[in-house]
Amino acid sequence: MLKLHGFSVSNYYNVVKAALLEKGLAFEEVLVYPSSDERYLSNSPMGKVPCLETEEGSFSESQVMLDYLEEAYPEPALIPGSPFQRAKTREINRVLELYLELQARRVYPEAFFGGQVSEQTKQEVREALKKGAAALRRLTGFQPWILGQDFTSSDLVAGIHLPLVRDAGRKVLDMDIFEQLPGVKEYLGRVRERPSMQRVMDDYKAGLEAFMKKRKGA
Ligand SMILES: N[C@@H](CCC(=O)N[C@@H](CS)C(=O)NCC(=O)O)C(=O)O
């Protein structure tokens, strides 16, 4: 059986978990926090979560997991359509990850964990997020899903990363990226109605307290 290693507060873990649920696959969750233990590094070489364990071995990187799941379990499709349409799904996933989530992540220490981030970093992140949101707006009208009529893995990635990016911006950057994205709030409401997302959000709430305790103890 597939085993997903990580913890339910990690947005990257939750993207893969939602995909497993959407595909109706049986899987086991293994509670792991990011770690540089030799044993964990042999499964996830950067020590990050998530990591997916299959019968052939383990590997890391959530986008690679989405591709793997699609190839190994094509139905129901989460990266559907022609090669071009599939490229568009991956393009949006890249934009969401590289130009929005990873940029916002630079201010998470202050937004969510009581740390501090320099003014210079904040200004860089503001500019990056403005550009990332403008790119996303060019790619989607959120009608009804991020790529149009088909629900895809990009809806899981957006449904999980975008609220976090927005929260970080509102908390410490004095900006709301949703102002650049007409229709995004209603769209996220539709994504949240998916049973997969409801399960992920319920587990997120349950896991948050344990995670904060772990951080304090770390
Ligand atoms: N590119 C990775 C990012 C995963 C990631 O950054 N996970 C976070 C938790 S949400 C983590 O493990 N952070 C610890 C670290 O970066 O060392 C993926 O898509 O799986």
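So, how do the residues of the shell around the ligand divide into nonpolar, polar and charged? Four are nonpolar, five are polar and two are charged. Before I go on, keep in mind that this is a predicted model.

Okay, who are these residues? Around the ligand we find Ser-10, Asn-11 and Tyr-12, then Pro-34, then the run Gly-47, Lys-48, Val-49 and Pro-50, and finally Glu-61, Ser-62 and Gln-63. As for helices, H1 and H3 each bring at least two residues to that shell.

Now let's step back to the whole chain. The domain assignment splits the protein chain into domain 1, residues 2-76, and domain 2, residues 83-195. Their centres, taken over C-alpha atoms, are 22 Å apart. Where they touch, domain 1 puts in seven residues and domain 2 puts in eight.

Which elements give two or more residues to domain 1's side of that contact? They're helix H1, residues 11-22, and helix H3, residues 62-72. H1 has the largest share there, with five residues. By type, this side of domain 1 has four nonpolar residues, three polar ones and no charged ones. So H1 and H3 turn up in both places: they supply the ligand shell, and they also give residues to the side facing domain 2.

One last stop, the strands. E3, residues 51-54, pairs with E4, residues 57-60, in the antiparallel sense, over four bridges. A hairpin of two residues takes you from E3 to E4. If you want a spot to look for on screen, try Cys-51, which sits opposite Ser-60 in E4.

Definitions and conventions
Residues numbered from 1 in each chain as written. Predicted model: local features only at pLDDT ≥ 70, side-chain atom pairs only at ≥ 80, totals over all residues. Domains from an automatic or database assignment. Contact = placed C-beta atoms within 7 Å. Nonpolar A, V, L, I, M, F, W, Y, C, P; charged D, E, K, R; others polar. Near = placed C-beta within 6 Å. Pairing = 2+ DSSP bridges.
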